[in-house]
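Subject: Structure handover and notes

Hello,

Here is the structure we discussed. Please open it alongside this message, since the notes refer to residues by number.

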Amino acid sequence: MKISKDSLQMLKHFMKFNDNFMFVPGKTQRTIKTDMSVIAEAEFEETITIEFGISNLGTFVGSVNILGEPNLSFTTECVLIDDGHGSNLSFRSTDKRGMVLPSPKGVDPKKLGGVDFSFRLGKTTMEKIVEI
């Protein structure tokens with residue numbers, strides 16, 4: 001699977017909330033701030049087929065960037081990042097029991113102490129905000 005630039009950009013934004021990240025099956029991917037005060041959700045272009053934990057999202061994103069537009073092959077134990085020109089990296093999956101993760105069913109306002117506000121941002125708006 002190739003990961004789009006937009007999806008990779010969302011992972012970069014997710015890094016600001018939490019070093020851990022759990023890919024879950026489907027297009028909708030979520031993260032939560034480690035103090036559980038903010039949840040972020042994004043629709044990826046790709047459909048993820050398995051659950052896969054990353055313990056250091058910054059290292060993972062950096063590795064994908066270094067290899068250009070690599071192919072990612074996920075298994076339950078690791079993801080192989082291969083540039084197709086002889087360079088590749090392997091990341092082992094992290095057990096979710098040691099990770100701070102959002103609820104797989106979405107936002108649970110009771111666990112967050114209530115929702116102060118909720119909103120959706122389009123790609124263009126998000127890019128403008130990040131530039132500030």
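Below are notes on the salt bridges, the interior and one of the sheets.

Please keep in mind that this is a predicted model.

Salt bridges

The whole structure was searched, and four salt bridges turned up. Three of them are described here.

In one of them, Glu41 pairs with Arg30, with 2.8 Å between the closest N and O atoms. This pair links distant parts of the chain: Arg30 sits in strand β2 (residues 26-32) and Glu41 in strand β3 (residues 39-48), eleven residues apart. The relative accessible area of Glu41 is 37%, so this residue is partly exposed. Arg30 has 18% relative accessibility and therefore counts as buried, because the cut-off for buried is under 20%.

A salt bridge also forms between the side chains of Lys96 and Glu51, at 3.4 Å from N to O. Lys96 belongs to the loop between β7 (88-92) and α3 (109-112), while Glu51 belongs to the loop between β3 and β4 (52-54), so the pair ties together parts that are 45 residues apart in sequence. Both ends count as partly exposed: Lys96 has 42% relative accessibility, and Glu51 has 38%.

Asp95 and Arg97 form a further salt bridge, and their closest N and O atoms are 2.5 Å apart. Asp95 is partly exposed, at a relative accessible area of 39%. Arg97, with 75%, is exposed.

Interior

The largest nonpolar core has 22 residues. Those that touch the most other members are Leu11, Phe14, Phe23, Leu57 and Phe60. At least two core residues come from each of α1 (5-15), β1 (21-23), β3, β4, α2 (57-66), β5 (71-74) and β6 (78-82).

Phe23 is worth opening in the viewer. Setting aside neighbours within four places in sequence, its contacts include the core residues Leu11 and Phe60. Phe23 is also in contact with Gln29, Phe44, Ile48, Ile50, Glu51, Phe52, Ile54 and Phe74. Glu51 is thus a contact of Phe23 as well as a salt-bridge partner of Lys96.

Thr31 is placed in strand β2. Its relative accessibility is 2%, so Thr31 counts as buried. With residues up to four places away in sequence not counted, Thr31 touches Phe14, Phe17, Asn18, Asn20, Phe21, Val38, Ile39, Ala40 and Pro102. Phe14 in that list is one of the core residues named above.

The β5-β6-β7 sheet

Three strands make up an open sheet in the order β5-β6-β7, with antiparallel pairing. β5 and β7 are the edge strands, each pairing on one side only. On average, neighbouring strands of this sheet are turned by 15 degrees against each other, direction ignored.

Strands β6 and β7 run antiparallel and are joined by five bridges. Leu80 has Ser90 in β7 as its bridge partner, and Asp82 is bridged to Asn88 in β7. The hairpin of β6 and β7 has five residues between the strands, and Gly84 there takes a positive phi near 80 degrees.

Regards

Technical notes: Residues are numbered from 1 along each chain as its sequence is written. This is a predicted model: local features need pLDDT of at least 70, side-chain atom pairs count only at pLDDT 80 or more; totals for chains, interfaces and linings use all residues. Side-chain values use heavy atoms; hydrogens and water are left out. Helices (H or I, at least four residues) and strands (E, at least two) are DSSP runs, numbered from the N terminus. Buried means under 20% relative accessible area, exposed over 50%, partly exposed in between (1.4 Å probe, protein chains only). Contact means heavy atoms within 4.5 Å. A nonpolar core is a set of buried Ala, Val, Leu, Ile, Met, Phe, Trp, Tyr and Cys residues joined through side-chain atoms within 4.5 Å. Two strands pair if DSSP finds at least two bridges between them. Axes are lines fitted to C-alpha atoms, for helices over the stretch in contact, and angles run from 0 to 180 degrees between N-to-C directions.
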